[in-house]
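Me: Hi! Could you walk me through a few spots in this one? I'll keep my questions short.
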Amino acid sequence: MRIAFKFVALFFVPVSLVAVEWSTHGPTRGAVTEAAFSSAAPKTVYAAGGAGVFRSDDAGESWRNVSGPFNAVTHLAVDQTNANNILATAQQGVFKSADGGVSWHKVTKGLTASDPSALIMDPVTPSTVYLGSHCGPSIAFKTGTQAGGVAALDTSSSNPLAGAGAFKSVDGGESWTKIQGLLGAFVQCVEELSLDPAAPRHLFAVDVNGEPSESYDAGETWTRAAALVPGRAVAGHPVFTMSRFGVELLHPGNFLRSIDGGSSWTNVTTTGVPLVHFNDLSTDPATGRLFLATDAGIYRSGDSGSTWIEAGAPRIPTSRVVVDRAAGYVFAANALGLFRAPVTLGPWQQLTLADPSTNVRHVIADPHDPSTLYSLIFDFDSVFEPFADHGRIFLSRDGGSSWQLLRENDQLAFASAAADGAGDLYVYSGDNLWRYSSAAQEWTQLPKPPAYNLVAGRQRAGHIYAFDYTPRFAASDDGGQTWQSSSPPIQSLRAVAVDDSTQPSTIYAGGDRGISKSADNGMTWSMVSTEQAQLLAVAPSMPSRLYRIASAKIGIYSGITVLRSDDRGSSWTLLRWPDELVGAISMAVDPSNAQSLWVGSHAGRIFHTSDGGATWADSGFPVIAGELSIAADGSRLDVATNNFGVWDALISQQRRHPSKP
């Protein structure tokens, strides 16, 4: 249907290609979800995450991108007998490479998994592979591609159980069959799946209700486990061959131990580890020392898991820990990237994969300095659950050519931000409001605002506004120290736009059932339209002009369209744009040219009009676009992306910035 909708829209609205050149310069070091190596080539290490798959052949000293036509990698499995044989689950399906990532092909025959929870390659018989899948609609993968060569996908079933379960392949992942006989009330929802590496025919599974099952014959038959099982990971001991250790993910703090080869398990009381989720477990094959990846970082134990101490890694959610004894290193994958430490317990080093940051949710141009740019990275939408609350803020002072980390913590998920007329950045996260002073280069904590979405004008320092869906609205003219609240007479407040060319500022508020206007900085309101607004923007160079994005009926279809007002919102003109049947997620008006508007669609494309919406051009954006922002002088368009950092393009040769030759 998406392809058909695009054809209809293009039939009505001819599209040309606007001549812009796109590039990205970071931020780099995105979240890494997986780290893996093969015993056959211990210095060959793979890392994977939102930006794809990366390979090192010198134990992490140097890296190269070996990704295929996919991104957002959730799981990685490497053949222990052949380091070039790898499998990856990604947003677009399951992929296989037999040449170390030089080439990839999709391996989804017989596979209806919707959301993989595990990918395991038998360490003894690597042609045997297992895949677990959460509950969710089954996915049918199209033969076409999206922008940037990313394979397209489509939801083929709305049944939440259709794509769930456990699957097995006996031909290295080329074809799959669904595993039958799992026990439990919700066995279709396989939240955890693991095997015992010392006895790989012994499998463990846990359903969404926490009910455990196990199989001793490679998944042919299953029995209900008497107690908890290590559904997330199992590790052995190099000397005590009947000892097993494991973790399960559904309950915080559960570390399991077996002294009978995995037949029975005891939940061990651990000392020295906070009560958080345990995500992975690995054993040093020379010493038997255990390494545990948790939501609070890496811990190690020398007494079979009874007591633990911090291993010195960053205290942030860590999804994977692997011990490559032959190479001499422990590797940890976390929300910041990939880290390495000597097995002999030396300091940790962050490795440079040169991978673009993932989950860039906001890109904010300083409204008065075209060189200054902020980006906010929220890992709440990461492909791996432990990164749910992690976030980072970056600053660029050269128009996006280089970046520095400003702030990072676990309270930045779901943050909103805005920059005022002085270039100060305001960030509301974790029930706290923070201001970063661009001039002083320091952070200040402020009182909590009455609402969680932030917006600011372009001309005045300290003028910021907070709003939310309820609807609530509040204004501050002293940089967030004090607030004055009001209630716009609309329901479901979705968008606020500021015209601070007037004194006091004129504010527009839009929602599901109308648009209201305030001429006194948001203190009193009047209705100007009963039409819906999902996004609003004022043209800075022509304050009487507004652009609006709203739902609309387009022929027999429902879609999202763009409208323009030239009389401060009293009347509107419908602008036909190419992706209106797909939908829009962002727009940006050139601050020095009211005729120039950029719109990002739900399909990830970016369209431009230079004549106020009469004609449109496709910008040819090479990946999938998110939020848009334009530099203060209109010279550069910046774009946030989910998997490929911040992108930019020079959009005005006359106002080209010196840092962008």
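Me: Which strand does β53 pair with, and in what sense?
Reply: Happy to help! This is a predicted model. In it, strand β53 (residues 584-589) pairs with β54 in the antiparallel sense, over five bridges.

Me: And what's the bridge partner of A588 in β54?
Reply: That's W598.

Me: How many bridges join β54 to β55?
Reply: Four, and those two strands run antiparallel, with β55 covering residues 606-609. One of the partnerships is V599 with F607 in β55.

Me: What about the hairpin of β54 and β55, which residue there takes a positive phi?
Reply: G604, with a phi near 90 degrees; the hairpin has four residues between the strands.

Me: Are the faces of β54 covered or open?
Reply: Both are covered: L597, V599 and S601 are buried on one side, and W598 and G600 on the other. Five of the five residues of β54 (597-601) are buried, so the strand is largely enclosed by the rest of the structure.

Me: New topic. How many salt bridges are there?
Reply: The count comes to 21. One of them joins the side chains of R244 and D196, at 2.5 Å from N to O. R244 sits in strand β22 and D196 in strand β17, so the pair ties together parts 48 residues apart in sequence.

Me: Are R244 and D196 buried or exposed?
Reply: Both R244 and D196 are buried.

Me: And how about D566 and R564?
Reply: Their side chains meet in a salt bridge too, 3.2 Å from N to O. D566 counts as partly exposed because its relative accessibility is 37%, whereas R564 is buried at 16%.

Key. Residues numbered from 1 in each chain as written. Predicted model: local features only at pLDDT ≥ 70, side-chain atom pairs only at ≥ 80, totals over all residues. Heavy atoms only, no water. Buried < 20%, exposed > 50% of the residue type's maximum accessible area, 1.4 Å probe, protein only. Pairing = 2+ DSSP bridges. Salt bridge = Lys/Arg side-chain N within 4 Å of Asp/Glu carboxyl O.
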